[in-house]
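Q: Could you pick one part of this model and go over it slowly with me, then show me what else is worth a look? I'm new to this, so please explain the terms as they come up.

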Amino acid sequence: MKPINTFTVIPALPEPLKPLRTVAYNLHWAWDHETIELFLRLDSDLWEETHHNPIEMLGKIDQHRLEEVVEDVGFMAHLERVTHKLNTYMTQDSTWFSRMHSEEHDLLVAYFSAEFGVTECLSIFAGGLGVLAGDHLKSASDLGVPLIGVGLLYQQGYFRQYLNHAGWQQEAYEDNDFHNLPIRLAYRDGEPLKIAVKYPGRKVYARVWIAQVGRVELYLLDTNIDDNQRPEDRDITDQLYGGDEEMRIKQEIMLGIGGYRALQGLELKPAIYHINEGHSAFLALEHLHNLMTQHGISLEEARELASANLVFTTHTPVPAGHDYFSQDLMERYLGSYLHKLGISLYDFMAFGRRNPHDESEPFCMTILALKMASYSNGVSKLHGEVSREMWRDLWPNVPDSEIPITHVTNGVHFPSWISREMNRLYDRYLGPGWREVPADPVRWSRAEGIAPEELWRTHERRRERLVAFIRRRLKSQLKRRGASQWEIEAATEVLDPEALTIGFARRFATYKRATLLLRDPERLAELLNAPGRPVQIIFAGKAHPKDDPGKALIQEIVGFARQEKFRSRLVFIEDYDMAVSRYMVEGVDIWLNTPQRPREASGTSGMKALANGVLNLSILDGWWAEAYEPGLGWAIGSGEIYEDHDYQDQIEADALYQILEREVVPIFYELSSDGLPRRWLSMVYNSIGKLCYYFNTNRMVREYTDRFYIPSVKRYHQLASGDHTRASALAAWRHRIRQAWPQVRVEAVETNSLTEIVLGEEILAQARVYLGALTAAEVSVEFYMGLVDSNGDLTNARSVPMQCAATESPGVYSCVVNVPACCTSGLHGYTVRILPKQEDLVTPFIPGYIVWA
């Protein structure tokens with residue numbers, strides 16, 4: 001039976017407690033320990049029962065308890081401090097952005113992502129991508145960067161994990177009660193805002209919710225409304241990463257196009273659209289159409305303007321991890337854009353194809369984003385290299401090192417992930433301002449001044465709390481599974497609060513190799529049960545519902561945990577979420593990461609552990625490939641990549657055992673006369689002091705702002721100024737290049753005798769080029785020189801522009817340059833290339849437009 005009308009019931013808070021509602025609805029509490037302590041003080045059991053959801057908590061709390069705390073002077077003083085802190089934070093005029101970019105009044109960044117992990121009670125994320133997106137919003141808020149988030153509000157979110165008797169992962173989906181979450185409906189003209197998006201044969205509607213993330217607003221679209229009469233339309237925002245290919249295209253249309261229209265409905269005008277992974281890339285098509293209709297310009301002109309607005313971040317180093325849609329689905333769901341953009345189906349599909357001429361190739365969202373965005377990046381130095389190699393076909397004949405995909409290494413939001421105890425230590429020894437300037441290396445160098453006994457006791461307390469949490473959680477798991485009373489009672493004695501503790505927690509994809517440490521069971525048993533030097537391992541993580549090989553890894557771990565020789569030393573914790581993650585990164589001694597290089601894009605969980613004084617033991621992949629140096633943690637291998645994966649597993653498992661046996665365990669249990677593991681602590685000091693300043697989202701968001709956001713908005717204003725004359729000129733220039741480029745060639749190259757030269761000697765190079773209808777001002781002729789590798793290819797090459805002058809022959813130019821000789825000895829080589837040149841280009845590497853001698 002459906003109601004004829006609906007209304008919302010809100011908690012009846014006594015007048016003095018009304019500020020609690022304001023505090024609860026701003027997710028700033030998710031990274032403020034003092035506010036969380038306030039909710040714990042109100043009712044700690046209810047805080048845990050509601051999965052750290054203050055809105056639900058305030059709705060369920062006993063009215064007598066509310067009346068009690070009104071009379072509690074200490075509680076009311078605590079509430080006043082928290083309220084004052086939030087008000088000060090929200091109204092603060094001086095932020096990093098206001099100080100460094102005070103002239104940028106027009107900047108507004110719209111950050112689109114399929115998932116956002118802001119806090120555990122808002123279950124609209126699956127893993128690292130979502131948590132990174134949440135940390136991006138939090139740091140943007142802290143820095144004062146004008147940014148908003150756009151995503152989907154999933155009715156069921158990602159699944160809750162539980163294991164059956166056989167240790168096989170099962171999935172449970174629980175409905176989110178939006179009216180009991182810290183979110184509010186967005187209104188326009190006194191009515192809830194709704195937007196419409198065209199789907200085959202009908203319109204699909206979505207309402208818009210707002211989550212306040214500090215100073216940043218996160219807009220979330222929800223299609224589960226009565227305006228959508230078809231159940232399949234209401235289900236579009238049902239589950240994150242659920243359903244088939246058709247459900248994915250429905251969701252990504254709503255995210256990209258619906259999200260774009262939601263901002264229009266809110267009368268927000270972003271200067272930059274940041275596409276976080278390819279899921280939201282359809283917004284580029286809507287943006288093109290909007291610019292065409294708004295300014296009355298051609299598709300080519302609109303594309304120049306749209307590109308200046310777009311920034312793209314790719315997170316996936318595996319080709320199969322990117323979204324592809326068939327031509328049939330694209331035509332069925334987005335065929336209206338053929339008319340809107342005035343193009344054929346062939347040209348439309350070319351937006352998302354490596355080879356536009358291959359009509360059997362599906363449409364790739366990542367390719368759409370790469371082709372449209374002015375700036376594209378991977379999320380670590382190594383991932384940038386992997387991405388350039390993966391997508392090199394889009395820029396044929398461009399050297400991998402120059403393919404226009406750069407990198408911005410990920411970070412984590414320290415206030416969200418550092419324990420209360422470590423926070424207090426950092427306050428005392430780094431100074432309370434460390435939260436405002438976490439990217440200051442000088443500030444972090446003060447970590448070596450932390451008293452070693454304080455640092456170690458703090459960490460021991462966190463390990464004790466972790467073990468207590470694991471025992472409670474394990475006991476609850478076993479009860480739910482119907483385990484015997486003996487097994488349930490044994491859970492209260494699992495793990496040792498004083499033993500060396502290794503943590504492994506992440507998505508259970510096969511390439512992450514969760515079971516690498518289990519490869520030699522007898523050797524592992526000896527390691528874990530060594531007299532006087534015990535070791536224990538905590539595993540946690542979810543496999544995708546359709547990933548049976550990933551589920552099999554979990555089952556294998558559970559099988560080990562049930563064996564007598566591992567029972568008290570190895571555990572698997574179900575339903576990994578942000579709360580479990582915090583306990584683990586705060587309390588383990590070693591953070592283990594064992595992916596197949598180079599398939600880990602970043603791996604931010606290790607950064608969270610780092611900031612809590614935990615040492616990393618990892619394959620040299622993702623962030624660890626650029627962070628590692630001896631004395632900061634341990635590296636498994638030296639960055640090798642093997643063709644034979646089984647052989648690779650064997651080699652790297654052996655290396656892992658050796659590191660644990662010969663280095664990690666001995667150093668951990670080597671105590672000085674004062675009972676402290678001084679060598680271990682020395683590594684902790686080094687890792688905190690040398691790495692924390694860089695691997696945080698404060699540095700990351702500043703980098704995005706300085707390298708991408710600010711240059712992009714300036715470029716857009718230049719192209720749009722004067723009735724978008726420069727955009728029109730750039731579009732006309734591209735047309736001219738397309739027409740003339742087939743005739744461009746290098747006819748001859750000459751140098752002074754180069755059989756053998758002395759280091760430092762100059763090289764005189766000359767080239768004769770034919771440019772046809774183009775002029776020397778429209779191209780860059782470059783002398784390209786570098787070392788020659790064993791395959792005969794140039795490597796570590798550099799390019800030097802040549803000076804060109806017209807000759808008597810039409811279209812023929814003579815180019816010359818004096819090049820300082822190489823800075824290293826060995827076999828070198830050279831060639832000459834021609835690239836297009838125009839002052840408004842972000843990169844000279846236009847796909848298909850490069851000529852080599």
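A: Here is a walk through one sheet, followed by a few other spots. Keep in mind that this is a predicted model: local features need pLDDT of at least 70, side-chain atom pairs count only at pLDDT 80 or more, and totals for chains, interfaces and linings use all residues. Residues are numbered from 1 along each chain as its sequence is written, and side-chain values use heavy atoms, with hydrogens and water left out.

Let's start with an open sheet of four strands, in the order β23-β24-β28-β27 and with antiparallel pairing. (Strands are DSSP runs of E with at least two residues, helices are runs of H or I with at least four, and both are numbered from the N terminus; two strands pair if DSSP finds at least two bridges between them.) Why do β23 and β27 each have one side without a neighbour in the sheet? Both β23 (745–751) and β27 (803–806) stand at the edges with a single partner strand each, so one of their sides has nothing beside it in the sheet. On average, neighbouring strands here are turned by 20° against each other, ignoring direction.

Now go across the sheet, pair by pair. β23 and β24 run antiparallel and are joined by six bridges, and there you'll find glutamate 750 opposite glutamine 766 of β24. Next, β24 pairs with β28 over nine bridges, again in the antiparallel sense. In that pairing, arginine 768 stands opposite serine 814 of β28. Finally, four bridges link β27 with β28 (residues 812–820), and these two run antiparallel as well. Serine 814 comes up again here, as the bridge partner of alanine 805.

Stay on β24 for a moment. In a regular strand, side chains alternate between the two faces of the sheet. You can follow that along β24 (residues 762–770): Ile763, Ala765, Ala767 and Val769 point to one face and are buried. Glu762, Leu764, Gln766, Arg768 and Tyr770 point to the other face and are not buried. (Buried means under 20% relative accessible area, exposed means over 50%, and partly exposed is in between, with a 1.4 Å probe and protein chains only.)

There's another open sheet of four strands, ordered β26-β25-β29-β30 and antiparallel in its pairing. Its edges are β26 (794–801) and β30 (851–852); each has a single partner strand, so each has one side free of any neighbour in the sheet. Inside the sheet, nine bridges hold β25 (residues 779–788) and β29 (residues 828–836) together in antiparallel fashion. One example to find on screen is glutamate 782, whose bridge partner in β29 is arginine 833.

Time for some helices. The axes of α10 (residues 283–295) and α11 (residues 299–309) come within 9 Å and cross at roughly 120°. (Axes are lines fitted to C-alpha atoms, for helices over the stretch in contact, with angles from 0 to 180 degrees between N-to-C directions.) That makes α10 and α11 oblique to each other. (Under 35 degrees counts as roughly parallel, over 145 as roughly antiparallel, 65 to 115 as roughly perpendicular, and the rest as oblique.) Among the residues making the contact are His287, Leu288 and Leu291 of α10, along with Ala302, Arg303 and Asn309 of α11. (Contact means heavy atoms within 4.5 Å.)

Helix α18 (residues 420–430) has several buried residues: Glu421, Met422, Asn423, Leu425, Tyr426 and Leu430. They pack against α2 (33–49), α19 (441–445), α20 (452–481), α25 (605–611) and α28 (678–691). Right after α18 comes glycine 431, with a positive phi near 95°.

Last stop: some loops. Most residues other than glycine have a negative phi, and most peptide bonds are trans. Glutamate 277 has a positive phi near 70° and isn't a glycine; it sits in the loop between β11 (272–276) and α10. Is glutamate 277 buried or exposed? With a relative accessible area of 5%, glutamate 277 is buried. Asparagine 397 also has a positive phi, about 70°, and lies in the loop between α16 (381–390) and β16 (406–407). At 57% relative accessibility, asparagine 397 counts as exposed. As for peptide bonds, the one from arginine 597 to proline 598 is cis, with omega near 5°, and proline 598 belongs to the loop between β20 (590–593) and α25.

Technical notes:
Pairing = 2+ DSSP bridges.
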